[in-house]
Amino acid sequence: MISAKTIGKAVRDSRRALKLTQAELAEAIGKTPDAISQIERGVNVPSVETVAALSKELSVSIDNLIFPDTAPEQLSARGMRVRQGLSILTKLSDRDLEVAVRQLRAFSGD
């Protein structure tokens, strides 16, 4: 069963893993810090649109936000760094993203 508290905990855990504040997450998805706080505390169930925005910003699937208990084991430290990198990359302009991809390819030897 889907519950507001379950979704809230998944949002909070994902946000903290990315070292984002509630204010930063709120700004990124066009909500107020109070709205994020209410979601994380399980006071309010986020709309479908908000869940989609949270999923994108937190680089986590919608399934993992709604059904976190069925998600794979906790990510390793490397997995968390990859997720943090994805979160940063999604915020870049197309031009900056292209530069970042070229730099990543140079580091990886591709």
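Author: A salt bridge is a side-chain nitrogen of Lys or Arg within 4 Å of a carboxyl oxygen of Asp or Glu. Keep that in mind as we look at this predicted model.

Reader: What makes R95 and D96 a salt bridge?
Author: The closest N and O atoms of R95 and D96 are 3.9 Å apart. The cut-off is 4 Å, so the pair counts as a salt bridge.

Reader: Why is R95 called exposed?
Author: R95 has a relative accessible area of 66%. Exposed means over 50%, so R95 earns the word.

Reader: And why is D96 called partly exposed?
Author: D96 has a relative accessibility of 36%. Partly exposed lies between 20% and 50%, so D96 belongs there.

Reader: How many salt bridges does the structure hold?
Author: There are four. Another one of them joins R102 to E98, with the closest N and O atoms 3.2 Å apart. R102 and E98 both sit in helix 7, four residues apart, or about one turn of the helix. R102 is partly exposed, because its relative accessible area is 48%.

Reader: What makes D13 and K9 a salt bridge?
Author: Their closest N and O atoms are 2.6 Å apart, and the limit is 4 Å, so this pair qualifies too. D13 and K9 are four residues apart in helix 1, which means about one helical turn separates them. In general, residues three or four places apart in an α-helix point the same way, because there are 3.6 residues a turn. D13 is partly exposed at 32% relative accessible area, and K9 is partly exposed at 45%.

Reader: Why is S14 called buried?
Author: S14 has a relative accessible area of 8%. Buried means under 20%, so S14 fits. S14 is in helix 1. Leaving out residues up to four places away in sequence, S14 touches L58, V60, L65 and R83. With neighbours within four places likewise set aside, the contacts of L58 include S14, V11, L25 and L65.

Reader: How do you know that the buried residues of helix 3 are on the same side?
Author: The buried residues in helix 3 are I36, S37, I39 and E40. They cover an arc of only 160 degrees around the axis, so they lie on the same side of helix 3. The buried residues of helix 3 pack against helix 1, helix 2 and helix 4.

Terms used
Residues are numbered from 1 along each chain as its sequence is written. This is a predicted model: local features need pLDDT of at least 70, side-chain atom pairs count only at pLDDT 80 or more; totals for chains, interfaces and linings use all residues. Side-chain values use heavy atoms; hydrogens and water are left out. Contact means heavy atoms within 4.5 Å. Helices (H or I, at least four residues) and strands (E, at least two) are DSSP runs, numbered from the N terminus. Buried means under 20% relative accessible area, exposed over 50%, partly exposed in between (1.4 Å probe, protein chains only). The arc is that of the directions from the helix axis to the C-beta atoms.
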